[in-house]
Amino acid sequence: MSDVLLSVQDLVVEFPTRKGILTAVDRISFDISRGEVLGVVGESGAGKSMTGSAIIGLIEPPGHIAGGSISLAGERIDNLPRDAMRKVRGKRIGMVFQDPLTSLNPLYTIAEQLIETIRTHMKLSESAARARAIELLDEVGIPAASRRIDDYPHQFSGGMRQRVVIALALCAEPELIIADEPTTALDVSVQSQIIDVLKRLCSEHRTAVMLITHDMGVIAEAADRVAVLYAGRVAEIGPVKDVIKDAKHPYTKGLMGSIPTLMQDSDRLTQIPGSMPRLTDIPPGCAFSPRCPKAFARCFIEQPGCKVHDGRDVACMLYDEGTAL
Amino acid sequence: MLAFIIRRLVQSIVVMLVVSLIAFIMFRFVGDPVDQMVGLETTLEERAKLREQLGLNDPLPVQFWHFVSKAAQGNLGISYQFKRPVLQMIGDRLPATLELSFVSALFALLAGIPMGVYTALRRESILSKLFLTISLIGISLPTFLIGIILIFIFAVHLQWLPSFGRGKVVDLGWWSTGFLTVSGLKALILPSITLGLFQMTLIMRLVRSEMMEVLRTDFIKFARARGLSNRAVHFGHALKNTMVPVITITGLQLGSIIAFAIITETVFQWPGMGLLFLQAVQNVDIPIMAAYLLLIAFLFVTINLIVDLLYVMVDPRIRIEGKEA
Ligand SMILES: Nc1ncnc2c1ncn2[C@@H]1O[C@H](COP(=O)(O)OP(=O)(O)OP(=O)(O)O)[C@@H](O)[C@H]1O
Ligand code: SF4
Ligand SMILES: [Mg+2]
């Protein structure tokens with residue numbers, strides 16, 4: 001784990017609501033190295049997007065970071081003043097959202113949107129920025145980029161639009177890209193192309209990628225390591241191959257048991273009986289305990305911490321010394 | 001694009017024909033045109049001759065055709081009361097109404113848009129709440145009352161501004177303008193505010209709600225994630241997207257400003273078309289009423305047409321569809 005680029009430590013994100021404080025992200029920790037793809041999976045509401053928004057500093061008020069730290073290349077970025085954070089966004093961290101249909105402003109050509117972004121972050125003339133924009137479109141695989149650059153977003157297909165979105169995220173050669181379900185809204189046939197683009201960029205530029213998805217198939221194909229989230233907490237983090245072959249956390253085991261069907265119809269992660277608790281009534285003790293086939297008495301009282309076991313981080317008390325199965 | 005324009009032109013012509021039919025029916029059947037034109041001492045024979053001369057014995061469709069073709073050439077008949085060509089009379093009054101409407105619309109836009117933007121961006125500030133309160137008053141008070149209140153404060157009490165008339169106007173031959181003299185400009189202030197207040201309120205609320213809607217969209221979130229400045233996000237991306245509905249509504253409102261000028265013109269004794277129309281109603285001067293109806297319809301249709309074209313210019317999505325149609 002050399003050359004750590006992003007380090008998230010004990011991140012807590014809270015939303016004050018009428019019924020009290022809601023903890024959307026609860027002491028999540030993970031690292032991403034340069035050139036690495038970290039997959040992040042979890043059911044809907046597990047806190048995947050919220051973690052991404054926290055990193056890029058765009059949590060919608062009244063939500064806020066209530067604890068922990070986020071460091072990029074060794075520097076804290078979670079407590080930067082607004083203007084300093086703006087220089088990190090887009091420049092050092094690029095973001096790709098789920099729906100390419102709504103990510104682009106319909107009233108501007110993609111040239112205008114690309115050039116605007118490039119010139120926000122780099123001191124380039126209009127024409128130099130335009131040349132760079134065409135290069136970027138080429139790089140993400142848009143055919144006839146120099147001709148299509150003056151088109152409007154609605155003149156592109158969904159897959160092409162997502163490539164444009166990726167090009168926009170790449171404008172200032174960021175060190176990290178956060179891709180929040182970049183393929184969920186696309187046709188199956190286009191999904192792997194987009195994943196390929198991300199993978200290629202990652203290896204060519206040593207860009208780190210945080211790849212958020214519901215789809216274990218995508219993770220298996222693209223990620224180096226995977227972080228499994230459950231109810232705002234980390235369940236397990238480890239190299240993809242190991243986690244798929246030999247999951248440690250009972251929740252991950254359940255997920256992996258469902259991979260074959262996932263691959264076929266890329267269904268959501270709901271193969272384990274029961275459903276994730278709502279954030280307002282997470283049980284005391286282990287959040288997974290009501291659904292866990294291995295749960296024992298302590299699980300309902302004590303919260304498991306994340307411990308390194310066999311090269312992974314696992315948050316399960318089965319692996320506390322002595323109790324391991 | 002051309003097909004789109006032609007289609008809209010045809011629609012406009014149909015609308016004008018329908019309105020002409022109504023005007024024609026008023027003209028032909030509300031009272032007997034011959035009775036209105038001749039004195040009591042005219043013999044039956046002379047009346048019959050006049051009837052023949054005026055074409056009143058022709059079949060109705062033929063009469064309608066004559067009416068329309070004469071109207072299209074600008075011949076709208078002769079006022080019963082003043083024995084002058086109606087077109088000329090309206091032409092004399094038109095500048096007063098158009099100048100008043102223009103200044104009102106300008107006031108509504110120049111005050112309404114910034115207030116809308118401000119209240120959308122600074123939702124919690126005291127100034128926003130003040131604007132919203134004022135706008136509530138603007139919407140709920142009837143126009144004539146606002147006019148009277150303004151007259152009371154600024155004309156009667158403070159004696160800053162005149163309470164009636166256009167002030168000194170400069171005659172440019174075909175147009176008499178109040179823009180070139182101090183008293184003319186001063187005379188415009190109170191009537192314009194009275195006439196424009198409702199529209200200003202409308203525009204402010206429209207801009208505010210559209211802006212808040214747009215600020216929630218994905219492409220705004222993505223624009224922030226690209227690191228664009230608040231200014232670029234708010235004014236470059238958000239405001240432009242609110243302009244489509246604002247242009248539409250403002251354009252449509254311009255028609256009603258001109259139509260509703262009647263009330264303001266009455267309150268301020270403004271020598272415009274509205275005042276002329278009211279006098280015509282009192283004297284059952286059908287040609288003036290019919291001509292006023294036609295003119296207002298014509299203005300509405302023309303404005304609508306222009307709005308549609310502007311709309312196409314702002315929104316590329318419509319532009320392209322139009323091209324394909
Ligand atoms: N504005 C808000 N107010 C209160 N709670 C919120 C708000 N926005 C999000 N949350 C909560 O934060 C939790 C985490 O949401 P998040 O969007 O990160 O989930 P996710 O893992 O990305 O799910 P999905 O797969 O559906 O995108 C959710 O349970 C949600 O209820
Ligand atoms: S801590 Fe207990 S309940 Fe939680 S996953 Fe482990 S065994 Fe299951
Ligand atoms: Mg999400």
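**Figure 1. The surroundings of ligand 1 in this predicted model.** Start with the residues that crowd around ligand 1: there are 16 of them, and A:A24, A:S44, A:G45, A:S49 and A:M50 come nearest. Three elements of chain A, namely β1 (4-17), β2 (20-33) and α1 (48-56), each supply at least two residues of this shell. The largest share belongs to α1(A), which gives three residues. If you sort the shell around ligand 1 by class, you will find eight polar, six nonpolar and two charged residues.

**Figure 2. The surroundings of ligand 2.** Here 13 residues surround the ligand, and the closest are A:C286, A:S289, A:C292, A:C299 and A:C316. Sorted by class, the shell around ligand 2 holds 10 nonpolar residues, two polar ones and one charged one.

**Figure 3. The largest nonpolar core.** This view takes you into a core of 163 residues, in which A:M210, A:L211 and A:Y230 have the most contacts. Helix α8 (residues 182-215) of chain B gives the most to this core, contributing 14 residues.

**Figure 4. A closer look at A:M210.** A:M210 is one of the residues with the most contacts inside the largest nonpolar core. Which residues is A:M210 in contact with, once its neighbours within four places in sequence are left aside? They are A:I32, A:L38, A:V40, A:G52, A:L176, A:I178 and A:A179.

**Figure 5. Where chain B touches chain A.** The contact takes 24 residues from chain A and 20 residues from chain B. On the chain B side, α9 (218-225), α10 (230-267) and α13 (316-324) each supply at least two residues. The largest share of that side comes from α9(B), with seven residues. By class, the side of chain B that touches chain A has eight nonpolar, seven charged and five polar residues.

**Figure 6. Chain A as a whole.** To place the close-ups in context, step back to the full chain, which has 12 helices and 12 strands. Its C-alpha atoms fill a box of roughly 65 × 45 × 40 Å along the principal axes. How does the radius of gyration of chain A, 20 Å, fit with that of a compact globule, and what value would such a globule have? A compact globule with 325 residues would have a radius of gyration near 20 Å, so the value for chain A agrees. Of the 325 residues of chain A, 47% count as buried. Among contacts in chain A with a separation of 6 or more, 65% come from residues 24 or more positions apart.

Conventions. Residues are numbered from 1 along each chain as its sequence is written. Chains are lettered from A and ligands numbered from 1 in the order in which they are written. This is a predicted model: local features need pLDDT of at least 70, side-chain atom pairs count only at pLDDT 80 or more; totals for chains, interfaces and linings use all residues. A residue is near a molecule or strand if its C-beta atom, placed from the backbone, lies within 6 Å of it. Helices (H or I, at least four residues) and strands (E, at least two) are DSSP runs, numbered from the N terminus. Ala, Val, Leu, Ile, Met, Phe, Trp, Tyr, Cys and Pro count as nonpolar, Asp, Glu, Lys and Arg as charged, and the others, Gly among them, as polar. A nonpolar core is a set of buried Ala, Val, Leu, Ile, Met, Phe, Trp, Tyr and Cys residues joined through C-beta atoms within 7 Å. A residue is buried if 20 or more other C-beta atoms lie within 10 Å of its own, exposed if 12 or fewer, and partly exposed in between; C-beta atoms are placed from the backbone. Two residues are in contact if their C-beta atoms, placed from the backbone, lie within 7 Å. The radius of gyration is taken over C-alpha atoms; the globule rule is 2.2 Å times the number of residues to the power 0.38.
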